[in-house]
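This report describes a strand arrangement and a helix contact for a reader new to the structure. Please look at the sequence and the structure below before reading on.

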Amino acid sequence: MNDSFTPIPSTLLDALIRERLSGSQWRILGWTIRNTLGWQRTSVRFSWYQMARELRMDRAGLLRAARGLLRDGLLVAEGRRLNVQVDPEHWTKPVTKDIGDARHRKRCQPSPVLRRAKERGIETKKYNKESSQTPQSHAAGAARPVPGKYGHLSGERCFQCKTDVPLEWVDPVHCNGKLLAGTGTWRSPLTDGRCPDCDRTVLATTAEKKRQLDLRLRLIKLGGGEKPYRDFRFDSFEAMAANELAFTRARSFNCTRENLYLWGPCGVGKTHLAFATARRFCEEGRSVEFLRPPQLMRRVRLRDPDEEQRAITRLVRTEVFVLDDFGIGHDTAYARQIFQEILDGRDYNYLGGLVVTSKYSLDALAAKLDDDTISSRLAGMCRVTEVGGVDLRLKRRQEYNE
Ligand SMILES: [Zn+2]
């Protein structure tokens, strides 16, 4: 038997055999132990290149394995010198106490926090240079890694802004003597490959896009189609002398204290103004209902009395209630009663936010309904505004035909 041997402290060996180490890691540790303890030295002058050559390993694989050992404090690199941390108490990773059946076997290796140098677009050569030239004031065998010490080994690059972000050290948290998962380790500050700043920006953009989409869907539903949503806005309204007052009142409409009754012949843009008003409050995030009389009837008809009352209450409470084209179609006593109830509810609670459009003036409405209850209520609540002008629908059609 050869009389040359390597003295390995039993505490070190005991701790090592309990560690879950890869073959490459064992080989790196073996090389370091052989070159330090095997020569009664505390550390060995080294380079990764030389180690890879001697171990006949590829350098990327070797670095990957070594990084885990450095992170866990089993290996300590100081400048160009390397040594094994012989006191397991000084490893940053807690020493595994129980093995075998007492402990659940982790079947999967945890996904590496640190990606390979090659994937991060960092040349291994550069990494070597840095690692050997970085001045190290830190004493060997620190109980835990000094944040930033291995920053050059372990920074993560945000794929969006290309900034290198250092890893974050998560202090170990023990629960019943066991290390909580995800603590006592370096954590990547990246989310989906993005740094916190970029991630916040992306989240904000996504939220804004969702808000816009929700609003669009809400407006399309409100107007009952794509056309009102696309066309009925204040900036696309053709203002002229005859409709200027209506336009101004609709645009400056204050839904907390005003009510508006817009009347005028067909096609002068009453619905346009009413929908543009509803849109504005929708965008402000208020509750808005935009209904035509038949839709209003469908909302409340054929429900049991309680449900009907709830439907009416909802229409009384909604911040903005637009009834478009009041007075069209067949008028029934029931429809009148429902609308009267909604008007009363809003009026008695001093609510604003009611917009009614109709082709009838209030007098004509009273004549049509043969009853002036609703007309006089509307007269008392609303700013009654006539919308004049040419029939825009007709005008457009003529322009189109010319
Ligand atoms: Zn970024």
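Two strands pair if DSSP finds at least two bridges between them. The model described here is predicted.

## The sheet

Five strands form an open sheet, and their pairing is parallel. The order across the sheet is β11-β12-β13-β10-β14. Strands β11 (288–291) and β14 (383–386) stand at the edges. Each of these two has a single partner strand, so one side of each is left without a neighbour in the sheet. From one strand to the next, the twist averages 10°.

## One strand pair

Within this order, β12 is listed next to β13. Strand β12 covers residues 320–326 and strand β13 covers residues 354–358. The two pair in the parallel sense over four bridges. As for single residues, F321 has L354 in β13 as its bridge partner.

## A helix contact

Helix α13 spans residues 333–348, and helix α15 spans residues 373–381. Their axes come within 11 Å and cross at roughly 25°. Angles under 35 degrees count as roughly parallel, and α13 and α15 are therefore roughly parallel to each other. The crossing in which α13 passes α15 is left-handed.

Which residues of α13 meet α15? On the α13 side they are R336, F339, Q340, L343 and D347. On the α15 side, T373, I374, R377 and M381 take part. By type, the residues of this contact of α13 with α15 divide into four nonpolar, two polar and three charged.

Technical notes
Residues numbered from 1 in each chain as written. Predicted model: local features only at pLDDT ≥ 70, side-chain atom pairs only at ≥ 80, totals over all residues. Axes fitted to C-alpha atoms, helices over the stretch in contact; angles between N-to-C directions. Parallel < 35°, antiparallel > 145°, perpendicular 65-115°, else oblique. Left-handed = near helix turned anticlockwise from the far one by under 90°. Contact = placed C-beta atoms within 7 Å. Nonpolar A, V, L, I, M, F, W, Y, C, P; charged D, E, K, R; others polar.
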